[in-house]
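Please open the model in a viewer and follow the selections in the order given below. Each stop names what to select and then describes what is found there.

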Amino acid sequence: MKLRVNSGRVFIGCALALGLTFTATAQQPEQRRIERVEGYLATPKRVEFNESLVQQLRLPPGFQISVFAKDLGNPRNLAIAPNGTVYVTRREQSDVLALRDTNGDGRADERRTVSSGHKQVNGITINQNRLYFVTDTKLHAMDLRPDGTEGNLQTLIDDIPDAGQHPNRTLAFGPDGMLYISVGSTCNACDEPNDEHATLLRARYDGSQRTIYAKGLRNTIGFAWHPQTGELWGMDRGSDWRGNDQPPEELNPIQQGANYGWPFCWGDRRPDVYLSANPDGMTKEEYCAKTQAPVMTYTAHSAPLAFVFYTANQFPPEYRGDAFVTMRGSWNRNPPSGYKLVRVRFQNGQPVAFEDFITGFLINGGAEQFGRPVGLAIAPDGSLLFTDDTNGVIYRVSYTVRR
């Protein structure tokens with residue numbers, strides 16, 4: 001099938017292309033010529049996971065990858081306690097699990113349910129011996145007891161704006177001791193009616209005094225603070241159906257009070273001429289000129305999710321202060337993009353390059369895949385754990401060659 005959009009209207013036709021093809025035509029008053037883009041509904045077929053597939057994954061020399069846990073259903077995000085307990089949210093199962101590697105072989109051998117009945121649970125973090133996790137509308141917390149068990153469930157916020165298209169809230173505590181919560185947009189591209197949509201919120205540890213920290217962020221699921229500079233960085237996901245190569249995914253330094261442009265701008269403050277809505281009282285060009293441009297961009301539709309800085313000592317010294325990003329993978333690009341882990345190199349506190357860290361989940365020329373990376377966390381021993389929410393696996397990445 002083929003979708004064609006002209007001046008905001010959608011028409012259905014037929015095509016013999018791969019999946020669903022989309023052609024958009026836009027002509028706005030601020031634009032002197034007609035632009036056309038074509039997008040694709042092209043999702044690689046899922047291959048059932050088995051551990052022999054792990055041998056196909058490619059990592060830098062000296063690194064090894066193994067299965068920490070499997071048969072987990074839909075594991076999303078991770079938080080690891082100082083005692084090594086790995087907490088993982090499962091969105092489709094609506095619960096939070098605790099996993100333990102009790103014999104030190106790098107594989108979880110103990111599993112229990114911590115809390116259940118939490119529809120759309122996604123983000124999770126630990127702060128001051130408390131476990132926090134968030135659904136699309138609620139923030140919960142539990143004390144972590146010295147004996148390794150958890151206290152009673154408390155609901156700190158119950159009115160996070162409704163989710164729409166992007167229900168996957170994430171959260172983290174900053175160096176200022178405040179709690180930051182990412183709230184994505186309700187749509188692909190629209191003028192949001194709620195000011196808290198497409199933002200990063202900030203609140204006290206108990207959920208009180210909630211404010212908008214930054215806006216114009218379509219879906220910044222992954223964010224973290226640089227360990228040396230304390231500066232907040234995040235990857236924002238661009239809109240769909242704008243072509244194979246636009247808009248790019250964005251790496252932004254997220255500053256208090258700043259506007260990052262969505263829905264009227266993408267990339268280097270470029271007006272989105274395919275959006276029929278306009279900002280109040282000004283053109284898109286005028287609006288975009290007042291927004292923040294990304295410091296770096298990445299291949300469109302790669303779907304960045306978790307974002308963490310490496311602060312441990314197991315990996316080589318040159319990895320300290322660099323970031324890792326999970327790219328869950330496209331459904332809106334031909335050929336597909338993402339389906340990998342990416343390293344972001346930093347120098348003097350600033351990003352300088354993206355480079356592949358783990359690849360190989362795409363197979364058979366991109367027609368199939370056996371992994372869609374989502375959550376990331378650094379274990380107490382310095383290894384890196386990440387989830388695959390499609391095949392129910394948590395992987396462990398370690399470094400074995402000492403210099």
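Is Cys187 buried or exposed? In this predicted model, Cys187 is buried, its relative accessible area being 13%. The cut-off for burial is under 20%, so Cys190, with a relative accessible area of 21%, counts as partly exposed.

**First stop: the disulfides**

Keep Cys187 and Cys190 selected and display their side chains. The two residues form a disulfide, with 2.0 Å between their sulfur atoms. The torsion about the S-S bond is -85°, and the link of Cys187 and Cys190 is left-handed.

The structure holds two disulfides; to find the other, select Cys265 and Cys288, whose sulfur atoms are 2.1 Å apart. The link of Cys265 and Cys288 is also left-handed, with -100° about the S-S bond. Cys265 belongs to strand β22 (residues 265-266) and Cys288 to helix α1 (residues 284-288), so this pair ties together parts that are 23 residues apart in sequence. Cys265 is buried at 6% relative accessibility, and Cys288 is buried at 1%. When the bonded cysteines are counted along the chain, the disulfides follow the pattern 1-2, 3-4.

**Second stop: strand β12**

Select residues 130-134, which make up strand β12, and pick out Phe133 within this strand. Phe133 is buried, with a relative accessible area of 0%. Which residues is Phe133 in contact with, leaving aside its neighbours within four places in sequence? They are Val96, Ser115, His118, Val121, Gly123, Ile124, Lys138, Leu139, His140, Met142, Leu153 and Leu171. For a distance across the model, select Thr85 as well: Phe133 and Thr85 are 48 residues apart in sequence, and their C-alpha atoms are 15 Å apart in space.

**Third stop: strand β5**

Move next to strand β5 (residues 45-46), where Lys45 lies. Lys45 is exposed, with a relative accessible area of 54%. Add Gly366 to the selection: 321 residues separate Lys45 and Gly366 in sequence, while the C-alpha to C-alpha distance is 8.9 Å. Beyond the neighbours of Lys45 within four places in sequence, the residues in contact with Lys45 are Ala367, Glu368 and Gln369.

**Fourth stop: the nonpolar cores**

In soluble globular proteins, nonpolar side chains tend to be buried together. How many residues does the largest nonpolar core have here? This core has 28 residues, and Phe315, Phe357 and Tyr395 are those with the most contacts inside it. To display the strands that supply at least two residues each, select β6 (63-69), β25 (304-309), β28 (350-358), β32 (384-388) and β33 (393-399). Strand β33 gives the most to this core, with four residues.

Now centre the view on Phe357. Leaving aside its neighbours within four places in sequence, Phe357 is in contact with Arg58, Leu59, Pro60, Phe63, Phe315, Tyr319, Phe324, Leu341, Val342, Arg343, Leu384 and Val397. Another core, of 15 residues, lies apart from the largest one; among its members are Met235, Tyr298, Ala323 and Val342. Selecting Val342 therefore shows a residue of this other core that is in contact with Phe357, where the tour ends.

Notes. Residues are numbered from 1 along each chain as its sequence is written. This is a predicted model: local features need pLDDT of at least 70, side-chain atom pairs count only at pLDDT 80 or more; totals for chains, interfaces and linings use all residues. Side-chain values use heavy atoms; hydrogens and water are left out. Buried means under 20% relative accessible area, exposed over 50%, partly exposed in between (1.4 Å probe, protein chains only). Contact means heavy atoms within 4.5 Å. A disulfide is a pair of cysteine sulfur atoms within 2.5 Å. A nonpolar core is a set of buried Ala, Val, Leu, Ile, Met, Phe, Trp, Tyr and Cys residues joined through side-chain atoms within 4.5 Å.
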